Amino acid sequence: MKRRREMENGSEIRSVIEELSMVVKVKTGDDDHDAAVQVHQDSAHIPTRPFLCVCNSILQVLDKIGPTMAVLRQDVHQNIQRLEKARESNPSKYSNLIEILRKEVTEGNARKGASCCKAFVWLTRSMDFMVALLQRLAKDPRQSMEQAVEESYFIALKPWHGWISSAAFKVALKLVPDDRTFITLLLAKDENLDTLKEEMQSLISLLVPFLEEIHSILSSLGLDRLKAT
């Protein structure tokens, strides 16, 4: 696990970049179409294990925001476990995450209970939140963290939350660390603010097109409008 040890010595942002780069690498080998074109569910491919590694790395970033992200972090963790359990049921067939989603959609279970489709949708929205937050911090690392988190939440998560989740977030928002503390927590050893900003921009440049593709897949499967119950 040499690569894992190297990641532990770097920043959490760098860890997500490395994991996401693995997803892009695997996809490039299987799919030559331009990522900007609309993706159809019959040809879509998202490597399951690398995708879940990306989500696990994102958990480490959420941890830096503190108790405010406790509920979101728990949801992300549970959704990762749900998809991993589905993958383990047939590792060969479900090496493509889309096969897991397609099975539930075909069987009419995508919107029922604790489905893998719901897990995938909410993991995607967690990444939407992270992109929105990083875009604000990369533009101005010294802006109010409370404002940056709140604006990112309103863009990526609030449209899909019920009033209970929204109210809980509003209370938890008061626990957001100040900007200086958060940036310090994100910095790796011997890393400066300029390097961190470059890493944020690199991650954004990887995540944005990846998420555009995922949202196209969700739309083709009729899953893009799912809301919290």
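1. Let's start with the surface. The protein chain has an accessible surface of about 11,700 Å², and carbon and sulfur atoms account for 51% of that. Keep in mind as you read on that this is a predicted model. Of the 229 residues in the chain, 48% are buried.

2. Now the overall fold. The secondary structure comes to 10 helices and 0 strands, so reading from the N terminus you go α-α-α-α-α-α-α-α-α-α. As for how the chain comes together, take the contacts with a separation of 6 or more: 74% of them join residues 24 or more positions apart.

3. On to the inside. The largest nonpolar core holds 69 residues, and Phe 51, Phe 129 and Val 149 have the most contacts within it. The elements giving two or more residues to this core are α2 (12–30), α3 (48–65), α4 (70–89), α5 (97–107), α6 (116–139), α7 (145–156), α9 (179–186) and α10 (193–220). Of these, α6 gives the most, with 15 residues.

4. Phe 51 is a good place to click if you want to see that core up close. Leaving aside neighbours within four places in sequence, Phe 51 is in contact with Val 23, Ile 46, Leu 83, Leu 97, Phe 120, Leu 123, Met 127, Phe 210 and Ile 214.

5. Stay with helix α3 for a moment and look at Ile 58, which is found there. Is Ile 58 buried or exposed? Ile 58 counts as buried because its relative accessibility is 3%, and the cut-off for buried is under 20%. Beyond the neighbours within four places in sequence, Ile 58 is in contact with Val 16, Met 127 and Met 130. Another pair to check is Ile 58 and Leu 123: they sit 65 residues apart in sequence, with 9.9 Å between their C-alpha atoms.

6. Helix α10 has a residue worth a look too, namely Ile 204. With a relative accessibility of 9%, Ile 204 also counts as buried. Not counting residues up to four places away in sequence, Ile 204 touches Leu 134, Gln 135, Ala 138 and Pro 209. Ile 204 and Met 130 are 74 residues apart along the chain, and their C-alpha atoms are separated by 9.1 Å.

7. What about empty space inside? A search of the whole structure turns up 1 cavity of 30 Å³ or more, and the largest cavity has about 40 Å³ of space. Lining it are Val 61, Leu 62, Ile 65, Phe 129, Met 130, Leu 133, Leu 134, Leu 137, Phe 182 and Leu 186. The elements that give two or more residues to this lining are α3, α6 and α9, with α6 supplying the largest share, 5 residues. By class, the cavity lining has 10 nonpolar, no polar and no charged residues. You've already met Phe 129 as one of the residues with the most contacts inside the core.

8. The largest pocket is another matter, with about 640 Å³ of space. It is lined by 28 residues, and those nearest its centre are Asp 75, Trp 122, His 161, Ser 165 and Ala 228. Helices α4, α6 and α8 (163–172) each supply at least two lining residues, and the largest share, 7 residues, comes from α4. The pocket lining is mixed by class: 15 nonpolar, 9 polar and 4 charged residues.

9. Two of those central pocket residues come up again around Trp 160, in the loop between α7 and α8. Trp 160 counts as buried, at 14% relative accessibility. Setting aside residues up to four places away in sequence, Trp 160 touches Trp 122, Arg 125, Asp 224, Arg 225, Leu 226, Lys 227 and Ala 228. From Trp 160 to Ala 228 is 68 residues in sequence and 6.0 Å in space, C-alpha to C-alpha.

10. One last loop to visit: where is Ser 115? Ser 115 has its place in the loop between α5 and α6. Ser 115 is buried, with a relative accessible area of 3%. Leaving aside neighbours within four places in sequence, Ser 115 is in contact with Arg 82, Glu 104, Asn 109 and Ala 110.

Note on methods:
Residues are numbered from 1 along each chain as its sequence is written. This is a predicted model: local features need pLDDT of at least 70, side-chain atom pairs count only at pLDDT 80 or more; totals for chains, interfaces and linings use all residues. Side-chain values use heavy atoms; hydrogens and water are left out. A nonpolar core is a set of buried Ala, Val, Leu, Ile, Met, Phe, Trp, Tyr and Cys residues joined through side-chain atoms within 4.5 Å. Buried means under 20% relative accessible area, exposed over 50%, partly exposed in between (1.4 Å probe, protein chains only). Helices (H or I, at least four residues) and strands (E, at least two) are DSSP runs, numbered from the N terminus. Contact means heavy atoms within 4.5 Å. Accessible areas come from the Shrake-Rupley method with a 1.4 Å probe; for residues, only the protein chains shown count as cover. On a 1 Å grid over the protein atoms alone, a cavity is a set of points where a 1.4 Å probe fits but cannot get out, and a pocket is an open set with protein on both sides within 12 Å along at least five of seven lines; lining residues have an atom within 4 Å of a point. Grid points are joined across faces, edges and corners, and a volume is the space filled by probe spheres set on the points. Ala, Val, Leu, Ile, Met, Phe, Trp, Tyr, Cys and Pro count as nonpolar, Asp, Glu, Lys and Arg as charged, and the others, Gly among them, as polar.
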